[in-house]
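I opened my notebook for a slow walk through one structure. Come along and look up each spot with me as I go.

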Amino acid sequence: MCIRDSFIDIVFLLAGQGNLMAVGIAQAMLFVLATLEIYVLAILILKRTWMAFLIGLIVGTNVIFLSYIKPMMTEGLALWLVTSLALAIVYFIRTLHIHAFWLMVVCFVPLLFTRPEWLYLPVPLLAYLLLVAWRRGSARRVLFNALPALVCIYALVAAYIGINTLRNQYPGMTAIENFNYLGKVLQYNMQDEAPPQYAQYSRRLDILVAQTNRSPYVVLRHMPDLSKDNAQPAGNFARTIILHHPFEFLAKSVPLFLPSLTHYYGRESSGPFSVPLAFMTSFDRILYRANAFFLLCVPFWLLLLCWRKVRSHPLVLEMGAIILLAFYALVITDLGGYKFEDYMRVHIVFDPLLILVVWGSFFLGASFLVHHGPALYTQLASHMRNH
């Protein structure tokens with residue numbers, strides 16, 4: 001969206017018009033900054049430099065990340081913005097300072113204009129931060145800043161939509177939303193569940209899907225009445241089906257969470273460094289599959305957030321915020337994307353947070369067993385002897 005174009009324009013202004021190499025270098029610098037931020041996040045949350053070093057090493061040497069950072073796509077910029085937002089959130093939770101809260105808002109606003117799926121994040125995020133503040137007796141002060149923040153954020157969204165309507169005759173954030181809605185309906189084979197007034201579209205879509213494939217970009221080439229006006233009729237058609245069958249839509253989306261976390265889509269390496277790059281890629285693919293453990297980390301940390309003895313501990317609150325951010329991104333991605341290639345491409349944006357959660361949880365568990373395992377074993381053995 002507009003932030004990526006603005007970023008490229010700034011690089012061209014500084015390095016010369018059309019200097020694509022400079023754009024690539026700038027995106028590489030953003031990735032280095034994101035890696036450093038992940039390292040800082042790990043130190044702040046886990047309190048162990050060796051854990052932070054290993055997590056930073058996993059992120060910074062990840063060839064899969066680099067393959068998505070290099071091209072002129074939104075992912076490189078969005079990855080840095082998501083990581084910066086996570087760091088600002090942790091900073092606010094640690095201090096509850098109002099300037100930290102508004103720093104978090106400043107980090108979020110440009111992220112909002114990279115992809116429209118971040119549009120709904122402020123509501124659950126601010127609710128979580130209010131919960132944190134309530135547990136520390138500062139809920140009223142945070143609430144008085146949260147409400148103006150929401151007004152500012154969505155006023156910017158309204159202004160952007162207004163400009164988009166005047167310039168491009170599209171009353172929304174981006175027309176890609178319409179293609180994604182139709183793509184989800186076709187992915188789940190729900191096109192025949194439209195209301196009667198859309199029956200003609202359902203029949204034609206059945207024929208086209210059988211003749212071509214389920215890509216909305218391919219299908220809509222043969223249906224000008226659905227693709228006109230930035231595919232608004234297609235978006236309306238798909239949204240109507242989803243709103244009339246929400247439980248079926250969700251039931252078909254939930255099974256995608258696990259495979260979307262582990263599905264790999266990439267290209268073979270070539271050139272003089274193809275052999276070492278292929279080795280590193282194969283190793284990173286193993287690490288990428290470890291993202292599946294994120295779905296186990298979510299209920300574990302949620303349980304700790306509800307456990308009276310530890311629910312106000314900084315580690316639990318900060319890790320809970322990271323999980324909220326990553327889980328939101330996972331849910332929105334799986335509900336909005338319709339191809340596994342797209343799932344991976346968008347997951348790259350918050351995959352460093354997944355690595356922090358998964359490997360941070362593993363390292364904490366291993367450290368706990370090393371330090372407290374013998375004592376627990378002794379207590380358990382003594383208890384068994386007494387009974």
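**Entry 1: helix 17**

I began with helix 17, where 17 of the 23 residues are buried, so this helix is largely enclosed by the rest of the structure. I keep in mind that the whole thing is a predicted model. For burial I used the cut-off of under 20% relative accessible area.

Next I checked the length of helix 17, which runs over residues 314-336. Its end C-alpha atoms are 33 Å apart, and that agrees with the 33 Å that 23 residues should span at 1.5 Å a residue.

**Entry 2: salt bridges**

How many salt bridges does the count come to? I noted three. A reminder to myself: side chains of opposite charge can pair when their charged atoms come close.

I looked at Arg94 and Glu318 to start with, whose side chains meet in a salt bridge at 3.3 Å, N to O. Arg94 lies in helix 5 (residues 74-95) and Glu318 in helix 17, so the pair ties together parts that are 224 residues apart in sequence. Is Glu318 buried or exposed? I found Glu318 buried, with a relative accessible area of 0%. Its partner Arg94 is partly exposed, at 37% relative accessibility.

Then I turned to Arg204 and Asp225, which meet through their side chains in a salt bridge of 2.7 Å, N to O. This pair links distant parts of the chain, with Arg204 in helix 10 and Asp225 in helix 12, 21 residues apart. Arg204 counts as partly exposed at 29% relative accessibility, and Asp225 is partly exposed with a relative accessible area of 23%.

I also looked up Lys252 and Glu248, whose side chains form a salt bridge at 2.9 Å, N to O. Both residues lie in helix 13, four residues apart, which is about one turn of the helix. This fits a rule I wrote in the margin: an α-helix has 3.6 residues a turn, so residues three or four places apart point the same way. Lys252 is partly exposed, with a relative accessible area of 30%, and Glu248 is partly exposed too, at 24%.

**Entry 3: helix 12**

I tried the length check again on helix 12, residues 224-244. Its 21 residues would reach 30 Å as a straight helix at 1.5 Å a residue, but the end C-alpha atoms are only 25 Å apart. Where does the kink in helix 12 lie? I found the kink at Asn230, about 125°, shortly before the proline Pro233.

Beside that kink I stopped at Ala231, which is found in helix 12. Ala231 is not a glycine, yet its phi is positive, about 60°. Ala231 counts as buried, at 0% relative accessibility.

I then listed buried residues of helix 12, among them Leu226, Pro233, Gly235, Phe237 and Ile241. What covers the buried residues of helix 12? The cover includes helix 9 (176-187), helix 10 (199-211) and helix 13 (246-253).

**Entry 4: another positive phi**

I looked up Leu96, which sits in the loop between helix 5 and helix 6 (98-112). Phi of Leu96 is near 60°, a positive value in a residue other than glycine. Leu96 counts as buried, at 6% relative accessibility.

**Entry 5: a nonpolar patch**

On the surface I picked out a nonpolar patch of about 520 Å², made by Tyr39, Val40, Trp50, Phe53, Leu54 and Leu57. Which helix gives the largest share of the nonpolar patch? I found that helix 3 does, with four residues. Helix 2 (20-46) and helix 3 (49-60) each supply at least two residues. I checked one member, Leu57, which has its place in helix 3 and is partly exposed, with a relative accessible area of 41%.

**Entry 6: two single residues**

Ser367 lies in helix 18 (residues 340-386) and counts as buried at 11% relative accessibility. Leaving aside neighbours within four places in sequence, I found Ser367 in contact with Arg48 and Met51.

I finished with Tyr217 in helix 11 (residues 216-219). Tyr217 is partly exposed, with a relative accessible area of 38%. Not counting residues up to four places away in sequence, Tyr217 touches Ile176, Phe179 and Tyr338. The C-alpha atoms of Tyr217 and Lys47 are separated by 48 Å, and the two are 170 residues apart along the chain.

Note on methods. Residues are numbered from 1 along each chain as its sequence is written. This is a predicted model: local features need pLDDT of at least 70, side-chain atom pairs count only at pLDDT 80 or more; totals for chains, interfaces and linings use all residues. Side-chain values use heavy atoms; hydrogens and water are left out. Patches are made of residues with over 30% relative accessible area and no salt bridge: like charges are joined within 9 Å, nonpolar side chains (Val, Leu, Ile, Met, Phe, Trp, Tyr) within 5 Å. Accessible areas come from the Shrake-Rupley method with a 1.4 Å probe; for residues, only the protein chains shown count as cover. A salt bridge is a side-chain nitrogen of Lys or Arg within 4 Å of a carboxyl oxygen of Asp or Glu. Buried means under 20% relative accessible area, exposed over 50%, partly exposed in between (1.4 Å probe, protein chains only). Contact means heavy atoms within 4.5 Å. The expected span of a helix is 1.5 Å times one less than its number of residues. The bend at a residue is the angle between axes fitted to the seven residues ending there and the seven starting there.
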